[in-house]
Amino acid sequence: MQAIVLVGGEGTRLRPLTATVPKPALTLVDRPFLAYMIEWLAGHGVTEVVLACGFLPDVLREALTGEEERAGVSIQYVVEPERRGTAGAIRFAADELGERLDQRFLALNGDVLTDLDLTALLRAHAERDGRATLALHPVEDSSSFGLVHSDSTGAVLEFLEKTGEAVPGEINAGMYVLERSVLDLIPSGEEVSIERDVFPRLVGEGLSGLRLDGYWMDIGTPDRYLQASWDILERRVQTRVRPTAPGMLVDSGAEVATGATIGPRAVLGRGCRVADRAQISDSVVLDGCIVGEGATVSGSILSAGVEVAADAVLESAVVGADERVPA
């Protein structure tokens with residue numbers, strides 16, 4: 001089974017974390033964010049992952065070094081020459097695969113942490129014999145997502161992309177089973193949205209949805225990034241991460257002074273140094289950071305190489321790579 005994963009976005013809502021690192025390569029707890037999706041795909045029978053890249057593809061490739069062997073899949077990188085939109089990116093990747101593209105394949109947004117039952121989605125698509133099957137997920141506030149209305153058989157009746165209305169409903173979870181015939185609706189070399197331009201045209205023409213309950217999180221903002229970290233460490237989502245304590249992961253290469261206080265929630269990356277009387281709580285501190293004596297870091301995200309001065313106070317801050325935070 002092949003999966004085309006869209007990873008071309010710049011992750012602007014996560015800046016400065018993503019100023020020099022594409023969102024899929026950003027460390028989430030202890031590994032690149034996209035590694036979670038690759039492992040999840042492999043667990044549902046995917047053998048080839050095709051990454052439709054845009055922003056800083058070489059950084060992503062380096063971050064995923066060794067992931068093919070760890071997950072047991074092949075990974076192919078295709079780089080768009082310019083922005084093509086969600087459908088245009090799928091078409092570009094499909095064109096790059098050429099005759100190697102299966103008649104039926106998966107397409108997914110690469111910015112989601114999830115453990116939804118992808119096998120059930122594949123099974124439903126095969127049983128319904130349609131052209132496209134969407135994974136749907138229930139939420140209380142659908143204003144920021146595509147809202148999907150379907151009938152009792154799963155046939156999609158209406159696809160509304162980002163209405164802005166805070167109403168409950170089943171949203172487009174960003175994972176699809178597609179037949180190759182769907183590509184006929186996507187002009188080659190153009191910027192096309194699958195949500196706005198393709199799915200509405202497929203209503204009544206073989207488009208269905210399947211509700212999948214489970215864990216689903218778009219980590220596109222700092223708040224969601226932090227929440228996803230705690231959800232992983234507190235086992236609300238199934239991953240291979242092994243916390244060092246509930247809600248905590250302290251890398252074995254981190255140095256923490258005896259008088260420092262860490263937690264109750266925290267991530268400390270490789271090579272971090274935390275001085276005496278420093279306090280770190282509800283925060284992610286990535287590789288190589290230094291937190292000075294008596295400093296306080298709470299509800300914050302520190303990119304790699306940040307240095308926090310002695311007695312500095314950081315609350316709900318997002319700090320870019322290699323920055324210096326004064327007292």
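Two strands pair if DSSP finds at least two bridges between them. Strands (E, at least two residues) and helices (H or I, at least four) are DSSP runs, numbered from the N terminus.

The model is predicted: local features need pLDDT of at least 70, side-chain atom pairs count only at pLDDT 80 or more, and totals for chains, interfaces and linings use all residues. Residues are numbered from 1 along each chain as its sequence is written, and side-chain values use heavy atoms, with hydrogens and water left out.

**Exercise 1. Describe the pairing of E9 and E10, and the hairpin they form.**

Step 1. Take the sense of pairing. Strand E9 (residues 146-150) and strand E10 (residues 156-161) run antiparallel and share five bridges.

Step 2. Pick a residue pair. Leu147 faces Leu160 of E10.

Step 3. Look at the turn. Five residues lie between the strands of this hairpin, and Gly154 has a positive phi near 95°.

**Exercise 2. Work out the strand order of the two open sheets, and name their edges.**

Step 1. Start with the four-stranded sheet. Its order is E16-E19-E22-E25, with parallel pairing. Its edges are E16 and E25; each has a single partner strand, so one side of each has no neighbour in the sheet.

Step 2. Check one pair in that sheet. E16 and E19 are joined by two bridges in the parallel sense. Ile262 has Ile280 of E19 as its bridge partner.

Step 3. Turn to the five-stranded sheet. The order is E14-E17-E20-E23-E26, and the pairing is again parallel. Strand E14 (248-250) and strand E26 (318-319) are the edges, each with a single partner strand, so one side of each lacks a neighbour in the sheet.

Step 4. Check one pair here too. Three bridges link E14 and E17 in the parallel sense. Leu249 stands opposite Val267 of E17.

**Exercise 3. Locate the cis peptide bonds and the positive phi values at Asp282 and Asp311.**

Step 1. Recall the background. Most residues other than glycine have a negative phi, and most peptide bonds are trans.

Step 2. Find the cis bonds. The bond from Arg15 to Pro16 is cis, with omega near 10°. Pro16 sits in the loop between E1 and strand E2 (27-28). Gly263 and Pro264 are also joined by a cis bond, with omega about 20°. The loop that holds Pro264 lies between strand E16 (261-262) and strand E17 (266-268).

Step 3. Take Asp282. Its phi is positive, about 50°, though Asp282 is not a glycine. Asp282 lies in the loop between strand E19 (279-281) and strand E20 (283-285). It is partly exposed (20% to 50% relative accessible area, with buried under 20% and exposed over 50%; 1.4 Å probe, protein chains only). The value for Asp282 is 30%.

Step 4. Take Asp311. Its phi is positive, about 70°, and Asp311 is not a glycine either. Asp311 is in the loop between strand E24 (307-308) and strand E25 (313-315). Asp311 is partly exposed, at 48%.

**Exercise 4. Characterise helix H5, from its cap to the residue just after it.**

Step 1. Begin at the N-terminal end. Asp117 caps H5: a side-chain oxygen lies 3.2 Å from the backbone nitrogen of Thr119.

Step 2. List the buried residues. In H5 (residues 118-128) they are Leu118, Ala120, Leu121, Leu122, Ala124 and His125.

Step 3. Ask what covers them. The cover includes helix H1 (33-43), strand E6 (104-109), strand E8 (132-139), E11 and strand E12 (207-211).

Step 4. Step past the helix. Just after H5, Asp129 has a positive phi of about 55°.

**Exercise 5. Describe the lining of the two largest pockets.**

Step 1. Fix the terms. On a 1 Å grid over the protein atoms alone, a pocket is an open set of points where a 1.4 Å probe fits, with protein on both sides within 12 Å along at least five of seven lines; lining residues have an atom within 4 Å of a point. A volume is the space filled by probe spheres set on the points, which are joined across faces, edges and corners.

Step 2. Take the largest pocket. Its volume is about 1,100 Å³. It has 41 lining residues; Gly9, Arg83, Thr86, Asn109 and Asp111 are the closest to its centre.

Step 3. Take the second largest pocket. Its volume is about 570 Å³. Its lining has 22 residues, with Ala25, Leu26, Thr27, Pro32 and Ala63 nearest the centre. H2 gives the most to this lining, with three residues.

Key: Contact = heavy atoms within 4.5 Å. Polar contact = N/O pair within 3.5 Å; in protein donor to acceptor, adjacent residues only side chain to side chain.
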